[in-house]
Amino acid sequence: MAGVQRIGILTGGGDCPGLNAVIRGVVAGAAQRHGAEVVGILDGWDGLMEGRVRRLDRDAVRGILQRGGTILGTSRRDPYVHGEGAASLHATLTREWIDSLVVVGGDGTLRTAARLANEGIRLVGVPKTIDNDIPGTDVTFGFDTAVQIATEAIDRITTTAESHDRVMLVEVMGRTQGWIATYAGIAAGADAILVPEEPYDLNDVATLLRSRAARGRRYSVVVVAEGIPLPEGAQVVAGRDAFGFERLGGVAAVVAARLEELTGFEARVTVLGHIQRGGTPSAADRVLGSRLGIAAADLAATGRFGRMVALRGTQVVDVALEEACGAMRPVPADILEAAHTLSAP
Ligand code: F6P
């Protein structure tokens, strides 16, 4: 093995359109720019703890660019919670001759990666989430696709809302920030957008719906981020997954019932759920994922560990992995303001 560098890559946390573009970018960058080999680690940290890997050469990543999800699989198993941290990874890293790791993940996975890097694991990060809320980068791949899917769904819901003179609530993903709600809401011309960044008053929403009805628009579309708290203050939790991760969902149904009470208008709810995460990535996400993958291969092959690739403006740069561990990145006030201006009755 001596002489040929080996880069391992894993994808962790919820999947996201564009992950396969990153994997392909890492393989291409490693081979073309550094003469390095790539080893794919299966099912996130799980595969690294259990020694489940597969060799990724150019043939192995052919035809994956347009595929949603991740060819490597993913999980939320964490080596600090379900193992002994860095010590749980050494056996696989040594056995597979892995010199460095590319870790593609959201806030949880990157937090774990930063901790492992401080313990001496030679790794670099790639930020990933459809929620677009990871600090340190201007945008995450997957977000563009999710917004496109949500916009198409809201467009469809709007025509049936109009036919039936109904209030339609659309619940989209967004745990602590309302990026998808805001962008899809603006793009589809929603009448109200409720996001975790801003407090809301259902009496104001009811007034808006009544005022639209008074002007002859007896239907409305309200976009709700899954993470908005109820007026009483708590988020609506649907349950927990096998790793203890809180599943959000159901807030739009509560909001719909209250708006029906306040206005007397008939309301219906659509929860978009994982439709936003599945399927083929947009062209923009394929390009961004590919660029980040190549940049991550560069960082790993040149020993710039503890760093994360990021997009700043139109440039791919690298920042300290710790930057991804700060407070989640909210939708800027001017974009929220634009949404309000556009949805005024
Ligand atoms: O963090 C990304 C995300 O898509 C959130 O918006 C959502 O709440 C969560 O993942 C859903 O996770 P799961 O696939 O485990 O239900």
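**View 1. Meet the residues around the ligand.** In this predicted model, the ligand is surrounded by R76, T129, I130, D131, M173, G174, R175, E226, F245, H274 and R277. To make this list, a residue needs a heavy atom within 4 Å of the ligand. Sort these neighbours by class and you get 5 charged, 3 polar and 3 nonpolar residues.

**View 2. Zoom in on three side chains that meet ligand oxygens.** Start with R76: an N or O atom in the R76 side chain is 2.5 Å from an oxygen atom of the ligand. Next comes E226, where a polar side-chain atom and a ligand oxygen lie 2.6 Å apart. Then look at R277, with 2.8 Å between an N or O atom of the R277 side chain and an oxygen atom of the ligand. How much of the ligand does the protein bury? On its own, the ligand would expose 400 Å², and the protein buries 84% of that.

**View 3. Here's where the ligand sits.** The spot is the largest pocket. Which domains supply the shell around the ligand? Domain 1 (6-141 + 281-325) and domain 2 (146-278) each give at least three residues to that shell.

**View 4. Step back to see how the two domains meet.** The protein chain is assigned a domain 1, made of 6-141 + 281-325, and a domain 2, covering 146-278. Notice that domain 1 is listed as two stretches, 6-141 and 281-325. The C-alpha centres of the two domains are 33 Å apart. Where the domains touch, 12 residues of domain 1 and 13 residues of domain 2 take part in the contact.

Terms used. Residues numbered from 1 in each chain as written. Predicted model: local features only at pLDDT ≥ 70, side-chain atom pairs only at ≥ 80, totals over all residues. Heavy atoms only, no water. Polar contact = N/O pair within 3.5 Å; in protein donor to acceptor, adjacent residues only side chain to side chain. Areas by Shrake-Rupley, 256 points an atom, 1.4 Å probe, with all protein chains shown as cover. 1 Å grid on protein atoms, 1.4 Å probe; cavity = no way out; pocket = protein on both sides within 12 Å on 5 of 7 lines; lining within 4 Å. Sits in = over half its atoms within 2 Å of the grid points. Nonpolar A, V, L, I, M, F, W, Y, C, P; charged D, E, K, R; others polar. Domains from an automatic or database assignment. Contact = heavy atoms within 4.5 Å.
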